[in-house]
Structures are given as structure tokens and as C-alpha cells.
Amino acid sequence: MKTNRTLLIAAGLAAAVVVIALVVAFWPSDDESADLEGTSWRLDAIVVDGEELSLIDGTSASISFADGEAQGVGGCNSFFGGYETDGDEITLGPLASTEMFCDEPTGTSDQETEILSRLDRTSDYRVEDGRLILADASDDLLVFSAV
């Protein structure tokens with residue numbers, strides 16, 4: 001009798017573990033890749049080698065996604081190009097941009113070159129806690145918040 005009870009408890013626990021595993025596997029998560037179509041984002045930070053770099057005061061950058069096109073502002077110039085996603089992978093570009101010279105505030109042009117270069121190298125993305133995170137192969141990041 002005690003053996004049967006032990007087997008029933010073990011079977012019940014095993015069933016509970018399976019149910020929990022299935023719920024976890026299929027429960028929607030903010031960490032899953034999201035559909036970017038129709039979204040707009042403002043750049044908050046660039047993360048290089050784990051160090052977060054803030055944007056130069058007085059500058060802003062953004063990106064939006066619509067109809068298979070990515071477009072935005074790199075800090076001074078507008079950029080645009082195609083985008084495709086597959087799971088958590090993303091391909092941007094080729095990206096083109098206007099070519100205005102921006103010298104105020106100091107460093108704006110260099111910052112914009114860095115941002116556009118990182119967008120060209122982006123390979124993965126995720127939406128996490130209301131933020132869009134674009135990563136390249138070396139795990140350097142562009143971190144955006146929803147607009």
C-alpha cells in the first residue's frame with residue numbers, strides 16, 4: 001500500500017513538472033523577439049565592451065520600422081534602408097543617409113558615424129522591458145526606448 005502511494009505521489013509530481021515546463025515554454029515573454037513593424041524608438045545608450053556610453057548632451061537619435069523599411073535620425077542626418085527579421089535575428093540595410101555636416105554640439109558627427117556603423121553591423125535584436133536592444137556579433141549594443 002505504501003509503495004502504491006509513493007508511486008502515485010511520484011507520478012503526480014512528474015505530471016506537475018511536465019505541466020509547468022509546458023507553461024514556461026509557451027508563456028509569452030517580453031524577452032521573445034517582437035514584431036518591429038509599426039514601432040518607433042529613441043536611442044538611450046550605446047554599450048561597448050559592457051560599458052554604457054550616453055549620448056552627447058543636446059543630441060538624439062531614433063529609428064522606426066514600417067513597411068519593411070527602417071528609417072531614423074542618427075543625431076544630425078536622416079537614414080533609411082530595408083530591414084528583415086527572422087526570429088531574434090535582424091538585418092538592417094544597406095542604410096543610406098543624408099550628408100549634412102554637424103559640428104554642434106562638439107562630437108555630433110563622430111557620434112553619428114558610430115551609431116550608423118553599429119546599425120550596419122546589427123545582427124540580433126530583442127524587446128525587453130519596453131526597450132529595443134540591437135546587438136552586433138561582439139555583443140555591443142544600441143539600447144532604445146519606445147516612443
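Visitor: By class, what residues does the lining of the largest cavity have?

Guide: Bear in mind that this is a predicted model. The residues lining the largest cavity are R118, T122, L134, A135, D136, D140, L141 and L142. Leu and Ala count as nonpolar, Asp and Arg as charged, and Thr falls among the polar ones. So the lining comes out, by class, as four nonpolar, one polar and three charged residues.

Visitor: Which elements give two or more residues to that lining?

Guide: Let's go back to the list: L134 and A135 are in the lining, and so are L141 and L142. The strands that give two or more residues to the lining of the largest cavity are β9 (131–135) and β10 (141–146).

Visitor: How much space lies in the largest cavity?

Guide: The count of cavities of 30 Å³ or more comes to one. The space in the largest cavity is about 40 Å³.

Visitor: On to T59, then. Is T59 buried or exposed?

Guide: T59 sits in the loop between β2 (51–54) and β3 (62–66). The cut-off for buried is under 20% relative accessible area. T59 has 14% relative accessibility, so it counts as buried.

Visitor: Which side chain is joined to that of T59 by a polar contact of 3.0 Å?

Guide: Setting aside neighbours within four places in sequence, T59 is in contact with P105, T108 and Q111. The T59 side chain also reaches a backbone oxygen, that of I56, at 2.6 Å. The side chain on the other end of the 3.0 Å polar contact belongs to Q111.

Key
Residues numbered from 1 in each chain as written. Predicted model: local features only at pLDDT ≥ 70, side-chain atom pairs only at ≥ 80, totals over all residues. Heavy atoms only, no water. Helix = DSSP H or I, 4+ residues; strand = E, 2+ residues; numbered from the N terminus. Buried < 20%, exposed > 50% of the residue type's maximum accessible area, 1.4 Å probe, protein only. Polar contact = N/O pair within 3.5 Å; in protein donor to acceptor, adjacent residues only side chain to side chain. Contact = heavy atoms within 4.5 Å. 1 Å grid on protein atoms, 1.4 Å probe; cavity = no way out; pocket = protein on both sides within 12 Å on 5 of 7 lines; lining within 4 Å. Points joined across faces, edges and corners; volume = space filled by probe spheres on them.
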